[in-house]
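Biologist: I should like to be guided through this structure by question and answer. Please show it first.

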Amino acid sequence: MTTLSLAKAINAGLRKSLTTDDRVMLMGEDVGALGGVFRVTDQLQAEFGRERVFDTPLAESGIIGTAIGLAMRGYRPVCEIQFDGFIYPAFDQIVSQLAKIHSRTDGAVTVPLTIRVPYGGGIGAVEHHSESPEAYFAHTAGLRVVSCSSADDAYGMIQQAIASDDPVLFFEPKRRYWDKQDVDLDGTPTLGLYDARVVTEGTDLTIVAYGPMVSTAVAAASEAASEGTSVEVIDLRSLSPIDFGTIEASVAKTGRLVVVHEAPVFLGLGAEIAARISERCFWMLESPVIRVGGYSTPYPPSKVEQYYLPDIDRVLDAIDRSLAVR
Amino acid sequence: MSIASIEITGHAEEVALLPAAGGELLPHPVFSAFVADIGDTELVQMYTDLVVVRRIDAEATALQRQGELALWAPMLGQEAAQVGSARALRAKDFVFASYREHAVAYLRGVDPTMILRFWRGSTHSGWNPYEVNMTTPAIVVGSQMLQAVGYGMGIRRDHSDDIAITYFGDGATSQGDFSEALGFAASFNAPVVFFCQNNQFAISAPVGVQTTVPIVQRAAGFGIEGVQVDGNDVLAVLAVTRYAAERARNGDGPTFIEAVTYRMGPHTTSDDPTRYRDAEELARWKERDPIDRLLRTLEHRGLATPEMLAATEAKAADVAASVRTGCLETVEPAPESIFENVYAEPHSLLEEERAEFVAYHAIPDTKAAGR
């Protein structure tokens with residue numbers, strides 16, 4: 001076991017993929033000598049050379065568009081979009097090109113592209129550096145969307161994403177980049193990339209969270225336990241497809257569900273999960289599914305972002321509201 | 001606003017090799033050498049190409065009018081730009097096309113019937129891109145250019161002498177992806193030929209709406225060599241495309257070609273060009289028809305024999321008949337096929353939806369049964 005931050009764990013995963021498959025290449029803004037603005041690609045250009053780890057012009061559509069071409073030539077590009085709010089210039093190349101090429105060509109062309117996106121708030125950043133755009137992509141057929149929440153899991157997940165023959169958007173919770181954990185660098189993942197994971201077992205209520213909100217949910221569960229409420233926390237991990245089986249099994253046990261994410265509640269992942277669980281677990285539910293997330297506002301200036309972001313208290317409030325329905 | 005009134009058309013520096021009159025080719029200090037091997041046989045072959053692809057185009061337009069195609073984007077007038085450039089390529093080169101490159105697809109070896117099936121609404125593609133090394137139609141204007149550059153970056157890493165070529169129109173030059181593609185191609189010295197068919201219109205908007213300078217001048221700002229060619233001169237287009245391809249193969253990076261041509265038909269069969277251009281302009285360009293242009297040279301060389309013309313006509317008629325038959329015999333996709341190939345690997349949500357879809361459609365139609 002090696003103790004690594006989340007950023008270092010992803011770095012180690014990228015190194016492993018670069019080592020085991022010489023078709024893998026890393027590309028993006030400042031991923032070379034600088035090692036990325038969050039140092040996730042630190043030292044990789046020095047180790048693997050400029051042919052395989054390289055800086056691109058500052059143009060997100062260009063990054064994804066050229067990566068598609070590289071993939072068509074047989075490479076497996078891993079693109080970094082520097083910040084969540086910078087992904088929109090690449091929207092057409094992602095949702096109209098990347099997502100559709102396999103289907104458009106009746107399966108003749110596969111596009112094994114991984115797009116890494118540091119996302120979410122809580123780091124005191126300026127505008128466009130704190131957003132959660134995952135729902136736009138989860139809504140698009142042909143894409144797979146995943147989000148890691150911890151170092152030990154991220155190490156395997158990034159390798160699985162790169163190995164996938166489908167395009168994968170890999171959302172990295174940037175405010176957790178510095179959180180450390182023991183990582184087994186020689187281990188192989190025990191879960192599939194699209195499986196949800198029960199992080200904390202419980203019997204009274206289920207929380208589904210992903211990315212940066214998993215540790216918030218776990219902390220809230222711990223608080224609730226001190227008040228005698230047993231909360232089960234599920235790390236969704238994959239946002240498209242969603243592992244509903246794991247959620248259903250938990251709700252069958254607890255009868256109550258709270259979904260937590262940073263993205264706006266309106267038409268967010270929580271809306272889809274609430275709808276599906278209402279359809280599938282209607283007679284098992286003790287109370288309506290409750291969603292906790294961002295508001296229908298632009299992401300606010302960082303001095304007030306703590307009022308926008310779900311925190312332990314807002315999750316506990318949701319738990320109380322759910323339990324109040326009897 | 002008066003930008004639409006600026007006319008950006010032919011220029012003195014436009015490369016031309018086929019004479020407007022007489023049989024002798026026009027000499028060019030650079031480009032004549034690139035078609036020195038083109039003799040009578042090759043000229044006749046290109047003439048046949050032009051006639052055949054125009055006939056495919058006409059047949060497709062007719063099939064649309066008869067309700068067999070949902071839409072068609074005619075290439076009438078642009079045949080020389082497409083045939084000349086496509087004839088400059090090797091089989092292993094890769095074409096990233098827009099949606100009007102029917103002649104290019106035909107010369108890459110695509111069964112023309114498969115081109116039509118896209119426009120019929122029977123498929124989103126029509127062929128396997130790897131079988132002919134050409135992408136299927138890109139509808140979002142300019143999107144294919146970046147992909148060509150990325151493919152070219154891959155070629156360079158493979159130390160191969162393949163090249164990528166991307167086709168686009170004058171309208172695409174206004175897209176952000178156009179500028180990004182040129183920027184990336186220059187930065188990575190990618191072996192890419194940018195082939196712009198300036199057909200003077202983006203649907204109804206004349207080229208002056210897109211640019212106030214000749215399109216070819218855009219390349220210089222990116223450090224890319226630009227060549228403007230008479231797009232209705234099949235021989236000149238062949239020469240400049242061979243030149244650009246050779247530069248790419250030699251590691252000299254991207255070249256930008258502006259083929260100045262004219263879309264003599266509508267943007268698509270849904271368009272009505274009489275609303276935005278006058279008959280005189282069209283008449284002027286009809287005098288520069290790419291097929292007539294080559295035919296005059298063939299006549300002066302004594303190649304336009306009745307036998308040759310009849311053989312060409314017969315071939316065009318054969319291809320057209322086969323296209324028509326193929327179109328009418330299209331087997332439409334099975335309903336369940338909409339779930340196929342969305343992903344390369346199994347996807348749980350999709351499998352659930354497919355199972356529901358199949359179960360739903362397995363239920364007998366109760367309305368038909370008089371419920």
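Biologist: How many residues of chain A are in contact with chain B, and how many of chain B with chain A?
Modeller: This is a predicted model, in which local features need pLDDT of at least 70 and side-chain atom pairs count only at pLDDT 80 or more, while totals for chains, interfaces and linings use all residues. Residues are numbered from 1 along each chain as its sequence is written, and chains are lettered from A and ligands numbered from 1 in the order in which they are written. Two residues are in contact if their C-beta atoms, placed from the backbone, lie within 7 Å. By that criterion, the numbers are 35 residues of chain A and 32 residues of chain B.

Biologist: Which helix gives the most to the side of chain A that touches chain B?
Modeller: Helices (H or I, at least four residues) and strands (E, at least two) are DSSP runs, numbered from the N terminus. On the side of chain A that touches chain B, α3 (60-72), α4 (91-98) and α5 (101-104) of chain A each supply at least two residues. The one that gives the most, with nine residues, is α3(A).

Biologist: Of the nonpolar, polar and charged residues on that side of chain A, how many are there in each class?
Modeller: Ala, Val, Leu, Ile, Met, Phe, Trp, Tyr, Cys and Pro count as nonpolar, Asp, Glu, Lys and Arg as charged, and the others, Gly among them, as polar. The side of chain A that touches chain B then has seven charged, twelve nonpolar and 16 polar residues.

Biologist: In what order do the seven strands of the open sheet in chain A stand?
Modeller: Two strands pair if DSSP finds at least two bridges between them. In this sheet the pairing is mixed. Strands β3 and β12 (238-240) of chain A each have a single partner strand, so one side of each is left without a neighbour in the sheet. The order is β3-β2-β4-β5-β7-β6-β12.

Biologist: Are the residues of β2(A) buried or exposed?
Modeller: A residue is buried if 20 or more other C-beta atoms lie within 10 Å of its own, exposed if 12 or fewer, and partly exposed in between, with C-beta atoms placed from the backbone. A:Val24, A:Leu26 and A:Gly28 lie on one side of β2(A), and A:Met25 and A:Met27 on the other. Five of the five residues meet the criterion, so β2(A) is largely enclosed by the rest of the structure: they are buried.

Biologist: Which residue of β4(A) stands opposite A:Met27?
Modeller: Strand β2 (residues 24-28) and strand β4 of chain A pair in the parallel sense over five bridges. One bridge partnership between them joins A:Met25 to A:Pro77. Opposite A:Met27 in β4(A) stands A:Cys79.

Biologist: Which strands of chain A does helix α7 touch?
Modeller: Strand β5 (residues 114-119) pairs with β7 (residues 168-173) of chain A in the parallel sense over six bridges. Helix α7 (residues 151-163) of chain A packs on the sheet, its direction making about 160° with that of β7(A). Axes are lines fitted to C-alpha atoms, for helices over the stretch in contact, and angles run from 0 to 180 degrees between N-to-C directions. The strands touched are β2, β4, β5, β6 (144-147) and β7 of chain A.

Biologist: In chain B, which are the edge strands of the five-stranded open sheet?
Modeller: The order of this sheet is β1-β2-β3-β7-β6, and the pairing is parallel. Each edge strand pairs on one side only; they are β1 (94-96) and β6 (225-230) of chain B.

Biologist: Which residue is the bridge partner of B:Phe195 in β7(B)?
Modeller: Strand β3 (residues 192-198) and strand β7 (residues 255-260) of chain B run parallel and pair over six bridges. In β7(B), the partner of B:Phe195 is B:Ile257.

Biologist: Which element gives the most to the largest nonpolar core?
Modeller: A nonpolar core is a set of buried Ala, Val, Leu, Ile, Met, Phe, Trp, Tyr and Cys residues joined through C-beta atoms within 7 Å. The largest has 194 residues, and those with the most contacts inside it include B:Ala236 and B:Val240. With eleven residues, the element that gives the most is α9(B).

Biologist: How far apart are the end C-alpha atoms of α9(B)?
Modeller: The expected span of a helix is 1.5 Å times one less than its number of residues. The 16 residues of helix α9 (residues 234-249) of chain B should therefore span 22 Å, and the model agrees, with its end C-alpha atoms apart by 22 Å.
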